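Let's take a friendly walk through a protein model, looking at its rings, its charges and its empty space. Keep the 3D view open as you read.

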Amino acid sequence: MIFYGTRAKNIHNGQIKNVKCPNCENETSMTYSVYGKYAHVNGIPFFPISKIGVTECNTCKRTFEVKELPEAIQNKYENEKEKAGVKTPVWFFSGLFIVAALTLMGMYFSYQNDTDNAEFIVNPTKGDVYHVNGDAGYYSTLKIEKVTQDSIYVFVNQLQTNKKSDLDNIDKEENYIDMYSFSKQDIQKMFDEKEIFDIERK
């Protein structure tokens with residue numbers, strides 16, 4: 001199950017000096033805290049939403065959101081926050097970094113798989129398993145038994161599946177019964193036309 005929402009995290013604390021508290025009306029200082037609000041998925045921060053300021057009078061201990069305070073105190077708060085260099089923590093973007101990393105990894109593995117397939121189709125060897133498009137949206141496999149100068153001899157899998165992810169489940173020795181031969185040119189054509197869409201070399 002996916003849980004998503006927003007959370008807030010304290011990212012900075014400081015002091016606002018020489019201000020008049022709206023509650024106790026004393027000339028005092030206030031402790032301020034800056035909270036960064038971010039969107040999360042399953043607890044992993046994805047991106048920041050806003051910063052929230054909260055203050056506490058050091059005399060009467062009354063708390064205020066910054067937006068509730070007089071403009072003069074709000075200006076002092078902004079000045080103190082700017083001097084402190086309060087920035088959004090990088091880890092607030094953790095989810096985006098993870099998604100980007102997974103995307104790059106997926107692109108790399110896809111490229112590497114395509115490169116391997118191009119090599120395997122040109123240089124077939126006994127034991128290679130061709131993943132092929134079967135009948136009416138089904139998928140199956142062919143397993144190379146022998147390679148000659150011009151031909152490739154394969155066992156045909158007697159089973160099919162409607163999911164590419166299930167091909168490993170039917171790639172069993174007992175399912176390969178009938179043998180057929182193809183010219184290397186025919187095999188290359190099947191690959192070029194995506195009838196053979198993946199090659200597994202164990």
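## Buried or exposed

A residue counts as buried when its relative accessible area is under 20%, as exposed when over 50%, and as partly exposed in between. Tyr38, at 7%, is therefore buried. Keep in mind that this is a predicted model.

## A pair with Tyr38

How many aromatic pairs does the structure hold? There are seven of them. One of these joins Tyr38 and Trp91, whose ring centres are 5.8 Å apart, with 75° between the planes. That makes the pair edge-to-face.

Where do the two partners sit in the chain? Tyr38 belongs to strand E2 (residues 27-41), while Trp91 is found in the loop between helix H1 (71-84) and helix H2 (94-122). The two parts are 53 residues apart in sequence, so the pair ties them together. Unlike buried Tyr38, Trp91 is partly exposed, with a relative accessible area of 39%. Tyr38 and Trp91 also share one aromatic cluster with Phe92.

## A pair with Phe197

Now look at Tyr139 and Phe197, another edge-to-face pair. Here the distance is 5.7 Å centre to centre, and the planes are at 80°. Tyr139 lies in strand E6 (residues 139-147) and Phe197 in strand E9 (residues 196-200), so distant parts of the chain, 58 residues apart, are linked by this pair.

Is Tyr139 buried or exposed? Its relative accessibility is 17%, and because the limit for buried is under 20%, Tyr139 counts as buried. Phe197, at 23%, is partly exposed.

## Charges over rings

Phe197 has a second partner to look for: the charged end of Lys164 sits over its ring, 4.5 Å from the centre. You can find a similar arrangement at Tyr153, where Lys146 lies over the face of the ring, at 4.7 Å from the ring centre.

## The largest pocket

Rolling a probe the size of a water molecule over the atoms shows where empty space is left. In this model, the largest pocket has a volume of about 200 Å³. It is lined by 15 residues, and the closest to its centre are Val132, Gly134, Ser140, Val156 and Gln160.

Which elements give two or more residues to this lining? They are strand E5 (129-133), E6 and strand E7 (151-157). E6 provides the largest share, three residues. By type, the lining holds six nonpolar, seven polar and two charged residues.

Note on methods
Residues numbered from 1 in each chain as written. Predicted model: local features only at pLDDT ≥ 70, side-chain atom pairs only at ≥ 80, totals over all residues. Heavy atoms only, no water. Phe/Tyr/Trp six-rings, centres within 6.5 Å; stacked < 30°, edge-to-face > 60°. Helix = DSSP H or I, 4+ residues; strand = E, 2+ residues; numbered from the N terminus. Buried < 20%, exposed > 50% of the residue type's maximum accessible area, 1.4 Å probe, protein only. Lys NZ or Arg CZ within 6 Å of the ring centre and 35° of its normal. 1 Å grid on protein atoms, 1.4 Å probe; cavity = no way out; pocket = protein on both sides within 12 Å on 5 of 7 lines; lining within 4 Å. Points joined across faces, edges and corners; volume = space filled by probe spheres on them. Nonpolar A, V, L, I, M, F, W, Y, C, P; charged D, E, K, R; others polar.
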